[in-house]
Every structure is written in C-alpha cells, then in structure tokens.
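Biologist: I should like a close look at a single part of this model, the smaller details of one chain and its setting. Please give one connected account.

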Amino acid sequence: MIKELHQKLVNGETTSVKLTEEYFDRIKKDDESIGAYLTLTEDLALRQADLIDKKIKQGEKIDLIAGIPGAIKDNICVAGTRTTAASKILDNYIAPYNATVAERLLKEGAVFLGKTNMDEFACGSSTEKSAYRPTKNPLDPERVPGGSSGGSAAAIAADLAVWSLGSDTGGSIRQPAAYTGTVGLKPTYGRVSRYGLLAMASSLDQIGPIVKTVEDAAIVLSRIAGEDSMDATSARSGGKFYEDYLNGNLAGAKIGVPREYVGEELDSEVKMVFEQSLKKFEKAGAEIREVNIPLTPYALAVYYILMTSELSSNLARFDGIKYGLSIDDEQRSADNSGTLLEIYLDSRRYGFGEEIKRRIILGTYALSAGYYDAYYKKAQKVRRMLREDFEKVFNEKDGVDFIFSPTTPEPAFKFGEKSKDPLAMYLADIYTVSANLVGVPAISFPIGMVKREGKDLPLGGQLMGKWFDEENLLNAAYAFEQLE
Amino acid sequence: MLLDKNETKNIAALARIGVNEEEIEKYRKELSSILDYFKKLDELDTDKTEPIGHITGMKNIYREDQARNFGDLGKKDILCNAPKVKDGYIKVKSVL
C-alpha cells in the first residue's frame with residue numbers, strides 16, 4: 001500500500017495534503033463509533049504534508065514513507081502532543097520530546113494523524129482497559145479489536161491510517177493484528193529503540209508496525225530500526241532496507257511447528273485453518289517439521305511474574321509530583337492538609353485503573369523481601385531455560401528457520417467476555433509471550449477465516465524467526481501472502 | 001494459598017497505592033488465585049540454572065554521563081507538566 005501511494009505522490013496523481021485530508025475526513029465520519037483514536041494531530045499532520053508536497057514540487061527525492069499518513073500508539077511520545085498511555089494519571093500530559101521512532105519517522109517525512117487508543121499502559125488484551133473508551137473491532141462491533149495496541153489495529157482495519165505503530169510486551173502488536181485481519185510485527189528485542197516509549201516491562205517491550213501488508217511492515221521497520229544512544233539495549237542494524245529482501249522465495253526453508261502449541265485443546269475450526277496454512281507454506285517450497293519447546297506450558301507464568309515486577313518498578317515514577325494527576329491538598333479540607341505520602345497514595349489510587357493497580361501490587365509482591373527468590377529470580381531462571389529451548393530448535397545442527405503457530409487460540413472475543421476473570425484474559429497471550437521472553441522477532445498475518453455466530457472472523461498465523469533475522473522472517477510471511 | 005490481610009495491606013503500602021478495606025479483600029482474593037498459578041514453576045528444577053540478564057546477550061554499552069541542555073524552551077515544556085511549580089522548580093511537600 002505504501003509503495004502505491006508513494007508512486008501516486010511522486011507522479012502527481014494526488015498530494016500528501018489531499019491524502020491526509022481524506023484520512024481526516026474518514027476519521028471524523030467513522031471513528032466516533034470505532035474509537036481508534038484518542039487524540040488527532042491535524043495541525044502537525046497538515047504542516048508535514050505540505051512540507052512534503054513542496055519537496056515533490058521542487059523535484060526533491062522523497063523517502064517511501066514521506067507524506068504517507070499514519071497513526072502512533074498513545075504510549076509513544078510525540079513532542080508537543082498529548083500522550084496519555086490511555087491512563088487518567090497522564091490525562092493532561094504533553095510530551096516535551098519525541099520518541100526516537102517518532103523522530104526518525106518525522107525526519108523521513110511521515111505524516112502523523114494522531115495517537116491511538118490502547119489498554120491503559122499497554123496492560124490488557126482487548127482495549128477494554130483504556131481509561132477513556134473501548135475500541136471496537138471494525139469487522140464486528142460486538143467484538144474487541146484485541147490489545148493492547150487495539151486502536152492502532154482498528155485504525156488499519158477501518159482504513160483510518162495507512163500505517164501505524166504499536167508496542168508489544170507479550171503480544172500487544174500481534175494479537176490485535178490477528179483479531180483485525182492486519183499484519184503486525186514485533187521486532188527482535190533491541191532492534192528498535194525504546195526511548196520515548198512509556199515503559200511497561202523494559203526487558204520485554206518492543207515497538208513495531210501494524211499495517212495492511214508484509215511489505216508495509218518491512219518499509220516501516222526500516223525507518224524505525226537501528227542503534228540509538230538513548231537506549232543502551234538497542235542494537236546496530238546496519239541501515240538495512242527490509243523491503244529489499246522480499247523475493248517470495250521460500251524454497252528449502254524449514255518451518256517448525258511446536259507440538260505444544262497445537263494440542264488437543266485447540267479449537268477444531270482454528271486447527272483446520274491452521275493446517276491449511278501449513279499446506280500453503282509447503283506449496284511455497286517450505287518444509288514443515290514438528291519441533292519441541294518443552295517449557296511452553298510455563299511461559300505464561302514466567303511472563304506474568306517478570307512483566308508485573310518490571311511494571312511495578314517502571315510505574316513508580318507516577319507519584320503526583322513531577323507530572324500527571326496530583327491529588328493534593330487543594331482537593332482536601334483545610335484541616336486535612338495532605339502529607340507527601342498521602343499525595344502518593346491518593347494520586348496513584350485515583351489515577352490508575354483497576355488492572356494497573358492489580359498488576360503493580362502483584363509485581364511489588366513478587367519483588368518484595370522474602371519472595372524475590374521464589375518468584376522473580378525463579379522466573380528469570382526459567383526464562384533462560386526457555387531461551388535454551390529456542391536455541392536448540394533454531395541453532396542446533398539441521399535446526400529450523402522459523403517457528404509457526406496460530407497467533408491466538410481463537411478469533412476476536414466479545415466485549416465483557418473475559419473481563420471478569422483476569423486469568424482468562426491472560427490466556428489470550430499464550431502463543432505470543434514466548435517471543436518476548438526469548439527476544440526473537442515474530443510477525444502475525446492473516447491465514448484464513450473462522451465462523452462465529454454467523455460472522456466470518458479473521459485468524460492470524462504467527463511466524464517467529466531467529467534473533468535479528470527480520471529480513472528472512474518478513475520474506476517468509478511475504479511468500480505466504482503472495483499465494484493468496 | 002490465600003494471602004494474609006495484613007500482608008496485602010503492607011504490599012499496597014509498599015506500592016504506594018491507597019486502598020480501603022473492601023479493596024484489600026478484593027486484591028487478596030485475586031492475587032491469591034494468580035499466585036497459585038505462578039506455583040506451576042515449582043515443578044521445574046532450576047538449581048543449576050543462572051538467572052538470565054540481557055536476553056540477546058548484549059554486554060555493557062557506555063556513553064558519557066553528560067547532561068543534555070534542553071534550554072529555556074525545553075525547561076518550560078517540561079515544567080508545564082508539573083502539578084506545582086515555584087520559581088522554576090517543582091514544588092514538593094516537606095519530607096520531614
């Protein structure tokens with residue numbers, strides 16, 4: 001999609017300003033019912049679009065993403081723009097600086113339409129935990145778009161943006177992509193700088209694209225990837241243009257299917273679609289093999305211990321003093337002037353939503369004296385063992401190139417269906433958390449439809465690749481996409 | 001395993017989250033069921049395994065420890081988010 005639009009801009013068939021205005025028109029017409037956006041950045045967008053149009057007029061060469069309108073998840077800082085992470089505690093926060101990904105995209109001339117809705121601080125799998133409003137799945141408004149990057153995925157599915165950025169800590173890019181029939185990529189840990197991303201769990205978080213096609217994912221990744229002095233965990237990428245690696249050739253590629261992922265309990269219709277997709281991969285020249293990742297049943301527990309621990313630490317900065325909501329003595333009676341401690345307690349009590357508080361308390365418990373060894377340290381040990389499982393499957397003699405599974409055990413669920421039981425909601429992440437725990441890149445793309453209550457709903461397939469092997473991972477997904 | 005009420009209260013205090021009696025009861029029950037789920041890891045023998053550090057094996061990355069000057073404009077942008085400001089500083093309640 002991006003390449004076609006780029007051609008139209010360069011040929012003069014349309015202008016970036018026109019294109020941007022079309023998207024704003026559609027957003028104003030459709031987004032009230034969908035709720036993909038929390039904030040629109042119309043002035044910023046039109047300024048940027050105008051700049052690109054002038055460059056084109058002057059015959060300057062522009063980048064593929066230049067002048068193309070996209071959406072940014074609301075936990076990524078855009079300077080001078082409200083950035084809330086869908087939390088009341090940041091209701092009035094104006095980011096004073098750009099996240100590295102935003103800076104890089106702006107430098108290439110990308111146009112930002114606005115900031116998208118999400119589960120508060122990226123904690124959730126349905127966007128129902130946004131402090132503002134839930135986002136609806138454009139394919140069936142009774143169902144969730146997934147989460148936490150549900151706004152970004154819905155914006156793509158409803159054509160309210162050409163490209164979007166999400167963040168993925170345990171599946172928050174891939175699961176909403178699967179639920180909305182779009183493409184979502186979580187890069188290798190370290191591939192993309194996290195500077196300016198409101199941290200959820202720092203050892204798991206990665207920013208990545210949610211888009212319509214695999215090629216678009218490659219194009220966006222190339223613009224945001226690479227080492228950054230502001231994020232010591234970011235890795236060198238060598239300035240690759242990932243879109244140049246898409247040749248659709250899968251001959252001789254080995255794809256592993258973990259026995260543990262497609263067991264008896266998998267829904268029969270989901271299984272059928274999944275098996276058809278394996279045949280497709282074979283048709284493209286790939287060899288399918290069964291592999292073992294024995295520690296799979298433990299991944300979710302490891303994830304929830306580490307994620308809540310890191311979350312509790314990262315969210316300690318929201319204390320009602322430096323920025324964000326502050327419940328202080330102006331809200332109290334004169335004879336009940338608050339102490340510093342009371343400002344902390346009240347600001348956090350009223351600023352954070354239920355799910356955030358639940359997770360902060362859980363993480364605080366897991367890190368507290370006496371329990372640290374039993375939970376946090378134990379989880380970091382099992383995480384190493386899980387990584388060793390993946391190393392065996394990928395790196396041992398005659399190992400596989402990719403691991404393939406459904407992205408989720410089921411298609412998009414209905415609003416309210418899982419909100420009563422936190423553990424049931426957490427199970428939606430079962431196939432996706434391992435990629436974050438071991439750091440490998442993973443992409444979700446549509447593999448077929450299943451029927452639920454008479455409606456056709458998309459299913460996502462997830463390919464995981466080797467560490468820092470995004471070019472081959474994207475090419476494998478591209479090969480699959482070309483067969484459709 | 002059901003968490004002790006005082007323990008739940010203590011954890012909420014450590015997390016700096018204000019709670020009332022009703023909420024303590026709610027967190028107690030929810031946390032207990034999730035902690036039970038975490039017990040699954042006890043099935044694994046990890047005595048000989050070291051906890052993992054950086055997941056992609058990256059080693060220390062150094063840079064100069066230098067302050068970045070955001071200038072007066074940057075200072076304004078930062079302080080506009082602070083709940084209380086006095087003479088260009090963030091105002092905090094007395095600690096002692």
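Modeller: Two residues are taken to be in contact if their C-beta atoms, placed from the backbone, lie within 7 Å. On that basis, 76% of the contacts in chain A with a separation of 6 or more are between residues 24 or more positions apart. The model is a predicted one, and its scores are ipTM 0.95 and pTM 0.96.

I take chain B, and helix α1 in particular, as the part to examine. The mean pLDDT of chain B is 90, with 100% of its residues at 70 or more. Among the elements of this chain, helix α1 (residues 5-14) has the highest mean pLDDT, 94, whereas α3(B) has the lowest, 87.

The buried residues of α1(B) are B:T8, B:I11 and B:A12. Viewed down the axis of α1(B), these buried residues fall within an arc of 100°, so they line one face of the helix. Their cover includes an element from each chain: α11 (354-367) of chain A and α2 of chain B.

Just after α1(B) comes B:R16, with a positive phi of about 55°. In general, most residues other than glycine have a negative phi. B:R16 is not a glycine, yet its phi is positive. This residue lies in the loop between α1 and α2 of chain B. B:R16 counts as buried because 21 other C-beta atoms lie within 10 Å, where the cut-off for a buried residue is 20 or more.

The setting of α1(B) also involves the contact between the chains, which takes 39 residues from chain B and 55 residues from chain A. On the side of chain B that touches chain A, the elements giving two or more residues are α1, α2 (21-38) and α3 of chain B. Of these, α2(B) provides the largest share, seven residues. By class, this side of chain B has 24 nonpolar, eight polar and seven charged residues.

Further along chain B, B:D77 is placed in helix α3 (residues 71-79). B:D77 counts as partly exposed because it has 17 C-beta neighbours inside 10 Å. B:D77 and B:E21 are 56 residues apart along the chain, and their C-alpha atoms are separated by 40 Å.

The partner, chain A, has 15 helices and 11 strands. Its C-alpha atoms fill a box of roughly 75 × 60 × 50 Å along the principal axes. For 484 residues, a compact globule would have a radius of gyration near 23 Å, and the 22 Å of chain A agrees with this. Of the 484 residues of chain A, 61% count as buried.

Chain A has a positive phi of its own to set beside that of B:R16. A:A85, which is not a glycine, has a positive phi of about 55°. A:A85 lies in the loop between β2 (69-73) and α4 (100-107) of chain A. With 30 C-beta neighbours inside 10 Å, A:A85 is therefore classed as buried.

One further backbone detail concerns a peptide bond. Most peptide bonds are trans. The bond from A:G147 to A:S148, however, is cis, with omega near 10°. A:S148 is found in the loop between β3 (111-116) and α5 (150-157) of chain A.

Key:
Residues numbered from 1 in each chain as written. Chains lettered and ligands numbered in written order. Predicted model: local features only at pLDDT ≥ 70, side-chain atom pairs only at ≥ 80, totals over all residues. Helix = DSSP H or I, 4+ residues; strand = E, 2+ residues; numbered from the N terminus. Buried ≥ 20, exposed ≤ 12 C-beta atoms within 10 Å, placed from the backbone. pLDDT = per-residue confidence, 0-100. Nonpolar A, V, L, I, M, F, W, Y, C, P; charged D, E, K, R; others polar. Rg over C-alpha atoms; globule rule 2.2 N^0.38 Å. Arc of directions from axis to C-beta.
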